[in-house]
Amino acid sequence: MLEAAETDCRLHDRKEVSVGLFDGLKGKAGTLAGKATELIGDNSDKVKNGIGKAGDFVDSKTQGKYSHHIDGVQTKASEMVDKVDKKDGKGDVGPTSPPAV
């Protein structure tokens with residue numbers, strides 16, 4: 001169990017950050033998220049191709065040791081791109097019915 005002197009020392013080492021700083025970061029994060037969504041929406045095929053190439057590169061450098069994990073990350077990242085693309089209204093919304101004959 002910690003003695004009182006040790007506890008006091010740890011509390012004095014903490015730094016406080018103003019709330020205004022976090023508010024500014026939140027605003028910037030929202031702006032960056034919007035820009036990323038726009039970028040993905042306009043170039044989803046290129047982004048997914050890059051995900052595949054990056055995963056294959058890492059897989060080659062690790063000599064296939066982590067290929068199962070890398071494949072999982074590639075799949076999740078590609079799904080996320082599809083999800084963003086659908087939110088943007090540019091992706092397939094769902095199954096479409098065949099044309100009437």
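Modeller: In this predicted model, a residue is called buried when its relative accessible area is under 20%, exposed when it is over 50%, and partly exposed in between.

Colleague: Why is lysine 48 called partly exposed?

Modeller: Its relative accessible area is 29%, and because partly exposed covers whatever falls between the 20% and 50% limits, the term applies to lysine 48. Aspartate 82, with a relative accessible area of 30%, is partly exposed by that rule as well.

Colleague: What makes aspartate 82 and lysine 48 a salt bridge?

Modeller: The side chains of aspartate 82 and lysine 48 meet at 2.9 Å, N to O, and the rule asks for a Lys or Arg side-chain nitrogen within 4 Å of a carboxyl oxygen of Asp or Glu, so the pair qualifies. Aspartate 82 belongs to helix 4 and lysine 48 to helix 3, so the salt bridge ties together parts that are 34 residues apart in sequence. By this rule the count comes to 1 salt bridge.

Colleague: Why is serine 78 counted as buried?

Modeller: The relative accessibility of serine 78 is 19%, and since buried means under 20%, serine 78 counts as buried. Serine 78 is found in helix 4, and, with its neighbours within four places in sequence left aside, it is in contact with Lys48 and Ile51.

Colleague: And what makes serine 44 a buried residue?

Modeller: Serine 44, which is found in helix 3, has a relative accessible area of 13%, and because the limit for buried is under 20%, the word is justified for serine 44. Apart from neighbours within four places in sequence, serine 44 is in contact with Val81 and Asp85.

Colleague: Why are the buried residues of helix 3 said to line one face of the helix?

Modeller: The buried residues of helix 3 are Ser44, Ile51, Gly55 and Asp59. Seen down the axis of helix 3, they fall within an arc of 65 degrees, so they line one face. In general, an α-helix has 3.6 residues a turn, so residues three or four places apart point the same way. The face of helix 3 turned away from the buried side carries the exposed residues Asp45, Lys46, Lys53, Phe57 and Lys61.

Colleague: Why does the span of helix 3 agree with what it should be?

Modeller: Helix 3 has 18 residues, 44–61, which at 1.5 Å a residue should span 26 Å, and its end C-alpha atoms are 26 Å apart, so the two values agree.

Colleague: What makes glutamine 63 exposed, and what is the value of its phi?

Modeller: Glutamine 63 has a relative accessibility of 74%, and because exposed means over 50%, it counts as exposed. Its phi is near 55 degrees, a positive value in a residue other than glycine. Most residues other than glycine have a negative phi. Glutamine 63 follows helix 3 and is found in the loop between helix 3 and helix 4, the latter being residues 67–87.

Colleague: Which elements make up the protein chain, and what share of its residues is buried?

Modeller: The protein chain has 4 helices and 0 strands, running α-α-α-α from the N terminus on. Buried residues make up 13% of the 101 residues.

Colleague: Where in the protein chain is confidence lowest, and where is it highest?

Modeller: Confidence is lowest in helix 1, residues 4–12, at a mean of 49, and highest in helix 3, at 92. Over residues 5–9 the pLDDT is below 50, and beyond near neighbours in sequence this stretch has 1 contact in the model; over residues 92–101 the pLDDT is likewise below 50, and that stretch too has 1 contact beyond near neighbours. Where pLDDT is low, the predicted coordinates should not be read in detail. The protein chain averages a pLDDT of 74, and 63% of the residues score at least 70.

Methods
Residues numbered from 1 in each chain as written. Predicted model: local features only at pLDDT ≥ 70, side-chain atom pairs only at ≥ 80, totals over all residues. Heavy atoms only, no water. Helix = DSSP H or I, 4+ residues; strand = E, 2+ residues; numbered from the N terminus. Buried < 20%, exposed > 50% of the residue type's maximum accessible area, 1.4 Å probe, protein only. Expected span 1.5 Å × (residues − 1). Arc of directions from axis to C-beta. Contact = heavy atoms within 4.5 Å. pLDDT = per-residue confidence, 0-100.
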